[in-house]
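Open the model in your viewer and keep a selection box handy. This tour moves from one selection to the next and says what is there at each stop.

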Amino acid sequence: ELELQVKQAAKQRQTEYRKTAKLLKSKKPHEKLEAIEKLSDHGYISEGGCIGPLVENLVPKKKNGGIIEAAAKALLNFASVTAEGDQIYPNVVYVMDQTQLKKKKLKFGGQFMVDIFTHPKAAVPVKALDCYEIFLDACKAQEQIASVGMKAVEEAEAAAAQATAAKAAEEAAAVAAKAEAGKKKVK
């Protein structure tokens, strides 16, 4: 009974995710804005497949400054979530991973960024820069974590090399001692 309820709730949630993703692609601005408001629940973005349609709403077109601003704000709220551990900004890592997919690759760079930063509505480039700053901070944090990890690996390799060298020196000393003992017997 409980398991069935959980499955039905999960199915209903997936249906809601699909509807929201479809509304994000709507031609009607009020429907897009309604869908963007739902994205404060980050599950829509990370689990519901709404990241692509959200990013597509950042593309400047005539008279869509309000939509771009709302979409940039939603992306900023999603990206600025922090966590302890290896992934300081896990949602930024998620977005970056989406740009590396072979199928349904998220397009998030190049001319797209230039268009956002040159949008005539001042609030749009400001929100875009806020997003960019979060992504930049996340990339720097990931780089720092990676360099700390690499340093730890290098230190471990150096310690292992020292241990191996010490063991080899002990073995060489033992062989030399046996050789010396053999010379004394021969005399």
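A residue counts as buried when its relative accessible area is under 20%. With that cut-off in mind, select Tyr44: at 9% relative accessibility, Tyr44 is buried. Please remember along the way that this is a predicted model.

**The whole chain**

Zoom out and colour by secondary structure. You will find eight helices and zero strands in the protein chain, so to speak an α-α-α-α-α-α-α-α run from the N terminus on. Colouring by accessibility is a good next step: 28% of the 187 residues count as buried. If you like contact maps, take the contacts with a separation of 6 or more; 60% of them join residues 24 or more positions apart.

**Two aromatic pairs**

How many aromatic pairs does the structure hold? There are two. Go back to Tyr44 and add Tyr17 to the selection. Their rings form an edge-to-face pair, 5.0 Å centre to centre with 75° between the planes. Tyr17 sits in helix H1 and Tyr44 in helix H3, 27 residues apart, and the pair links these distant parts of the chain. Is Tyr17 buried or exposed? Its relative accessibility is 0%, so Tyr17 counts as buried.

Now select Phe78 and Tyr94 for the other pair. The ring centres are 6.2 Å apart and the planes meet at 80°, which makes this pair edge-to-face. Here too the pair links distant parts of the chain, with Phe78 in helix H5 and Tyr94 in helix H6, 16 residues apart. Phe78 has 0% relative accessibility and therefore counts as buried.

**Helices H2 and H5**

Two packed helices are described by the angle between their axes and the distance between the axes. Select residues 29–38 for helix H2 and residues 65–79 for helix H5: they pack at about 10°, with their axes 10 Å apart. Angles under 35 degrees count as roughly parallel, so H2 is roughly parallel to H5. To see the contact itself, show side chains for Pro29, Lys32, Leu33 and Ile36 of H2, then Gly66, Ile67, Ala70, Ala71 and Ala74 of H5. By class, this contact has seven nonpolar residues, one polar and one charged.

**A stop at Ala74**

Stay in helix H5 and centre on Ala74. With a relative accessible area of 7%, Ala74 is buried. Leaving aside neighbours within four places in sequence, Ala74 is in contact with Ile36, Leu39 and Leu54. Try a distance label as well: the C-alpha atoms of Ala74 and Ser40 are separated by 6.7 Å, although the two residues are 34 apart along the chain.

**The nonpolar core**

In soluble globular proteins, nonpolar side chains tend to be buried together. Which residues touch the most other members of the largest nonpolar core? In this core of 31 residues, they are Leu39, Ile51, Leu54 and Val92. The elements giving two or more residues to the core are H1 (2–24), H2, H3 (43–46), H4 (51–56), H5, H6 (90–98) and H8 (123–186). H5 gives the most, with nine residues.

For a last selection, pick Leu54 and display its contacts. Not counting residues up to four places away in sequence, Leu54 touches Leu24, Leu39, Ile45, Ala71, Ala74 and Leu75. Two of these names may be familiar: Ala71 and Ala74 also take part in the contact of H5 with H2.

Definitions and conventions: Residues are numbered from 1 along each chain as its sequence is written. This is a predicted model: local features need pLDDT of at least 70, side-chain atom pairs count only at pLDDT 80 or more; totals for chains, interfaces and linings use all residues. Side-chain values use heavy atoms; hydrogens and water are left out. Axes are lines fitted to C-alpha atoms, for helices over the stretch in contact, and angles run from 0 to 180 degrees between N-to-C directions. Helices (H or I, at least four residues) and strands (E, at least two) are DSSP runs, numbered from the N terminus. Angles under 35 degrees count as roughly parallel, over 145 as roughly antiparallel, 65 to 115 as roughly perpendicular and the rest as oblique. Contact means heavy atoms within 4.5 Å. Ala, Val, Leu, Ile, Met, Phe, Trp, Tyr, Cys and Pro count as nonpolar, Asp, Glu, Lys and Arg as charged, and the others, Gly among them, as polar. A nonpolar core is a set of buried Ala, Val, Leu, Ile, Met, Phe, Trp, Tyr and Cys residues joined through side-chain atoms within 4.5 Å. Buried means under 20% relative accessible area, exposed over 50%, partly exposed in between (1.4 Å probe, protein chains only). Rings of Phe, Tyr and Trp (its six-membered ring) pair if their centres lie within 6.5 Å; planes under 30 degrees apart count as stacked, over 60 as edge-to-face and the rest as tilted.
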